[in-house]
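Subject: Handing over a structure, with notes

Dear colleague,

I am passing on the structure below, together with a written account of what was found in it. Please read the account with the model open beside you.

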Amino acid sequence: MNVRRAGPADARGIAEVHTRTWQAAYRHVFPAEVLDTLDVEERVRGWLERIEADMAVWVAETEDGIVGFVAAGPSRTEDGFGELYAIYVLPEAWGGGAAPALMSAFKEWLAREGYTTAMLWVLADNPRARRFYEREGWRVDGERVDTIRGIDVEEALYRFALVGG
């Protein structure tokens with residue numbers, strides 16, 4: 001497996017991972033009509049715009065192509081924090097090492113950018129992701145209700161501090 005910074009040519013692979021992972025991971029949260037109508041082309045355009053705007057995005061790829069990605073940047077809500085915006089891995093690649101490798105790229109980026117702490121929001125009803133974050137050293141620090149695709153969902157706030165930070 002190779003983890004590298006994403007380029008514009010990766011937008012489609014990222015959009016496909018994003019869409020397929022949402023459809024698999026969130027069946028218990030979002031109605032089928034929401035998940036089944038997710039538009040890969042819309043996500044291609046969105047990821048291309050983010051990558052071209054120099055958002056920090058990395059992909060994990062195998063000989064079969066892109067199997068996961070992570071996106072990060074400055075916190076959208078708190079000055080001085082980095083934020084993990086998204087991390088997704090194809091369901092068939094779960095447990096294969098892509099998520100820890102992507103998280104490592106994120107943590108290296110945090111250090112390079114001078115951040116000592118980071119935050120992320122995750123669906124509260126996403127036990128697999130929450131276990132992963134906790135194994136990676138993230139700690140719960142709050143919750144909120146957000147509206148995503150017309151559905152009110154509970155989200156948990158996690159924070160991470162770099163060692164020595």
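Since burial comes up several times, its meaning comes first: a residue is called buried when its relative accessible area is under 20%, exposed when that area is over 50%, and partly exposed in between, as computed with a 1.4 Å probe on protein chains only. Please keep in mind that this is a predicted model, in which local features need pLDDT of at least 70 and side-chain atom pairs count only at pLDDT 80 or more, while totals for chains, interfaces and linings use all residues. Residues are numbered from 1 along each chain as its sequence is written, and side-chain values use heavy atoms, with hydrogens and water left out.

The residue M103 is a convenient place to begin, for it counts as buried because its relative accessibility is 0%. M103 is found in helix α4, where helices (H or I, at least four residues) and strands (E, at least two) are DSSP runs, numbered from the N terminus. Leaving aside its neighbours within four places in sequence, M103 is in contact (heavy atoms within 4.5 Å) with L84, I87, F132, Y133, E136 and W138. Of these partners, L84 is 19 residues from M103 in sequence, and their C-alpha atoms are 9.1 Å apart in space.

The sheet

Helix α4, which spans residues 98-113, lies across β1, β2, β3, β4, β5 (117-123) and β7 (151-161), and runs at about 160° to β4; for such angles, axes are lines fitted to C-alpha atoms, for helices over the stretch in contact, and the values run from 0 to 180 degrees between N-to-C directions. The sheet itself is open and is formed by 7 strands in the order β1-β2-β3-β4-β5-β7-β6, with mixed pairing, two strands being taken as paired if DSSP finds at least two bridges between them. At its edges are β1 (2-5) and β6 (139-148), each of which pairs on one side only, and from one strand to the next the twist averages 25°. Helix α1 also packs on this sheet, where it touches β2, β3, β4 and β6, and its direction makes about 95° with that of β3.

Strand β3 (residues 65-74) has 8 of its 10 residues buried, so the rest of the structure largely encloses it. On one hand it is joined to strand β2 (residues 56-62) by 7 bridges, the two running antiparallel, and β2 and β3 form a hairpin with 2 residues between them. Within this pairing, W58 has V70 as its bridge partner in β3, and V59 stands opposite F69. On the other hand, β3 pairs with strand β4 (residues 82-89), again in the antiparallel sense and over 7 bridges, with A71 standing opposite A86.

Strand β2 is mostly covered as well, 5 of its 7 residues being buried. It is joined to β1 by 4 bridges, and these two strands run antiparallel, with W58 of β2 serving as the bridge partner of R5.

The packing of two helices

Helix α1 (residues 11-25) and helix α3 (residues 40-52) pack at an angle of about 125°, their axes being 8 Å apart. The two helices are therefore oblique to each other, a word used here for angles left over once those under 35 degrees are counted as roughly parallel, over 145 as roughly antiparallel, and 65 to 115 as roughly perpendicular. The contact is made by A11, R12, I14, A15, E16, H18, T19 and W22 of α1, and by V40, E41, R43, V44, W47, L48 and I51 of α3.

Two loop residues

In general, most residues other than glycine have a negative phi. D54, in the loop between α3 and β2, has a positive phi near 75°, and it counts as exposed because its relative accessibility is 60%. R149, found in the loop between β6 and β7, likewise has a positive phi, near 50°, but counts as partly exposed because its relative accessibility is 42%.

With best wishes
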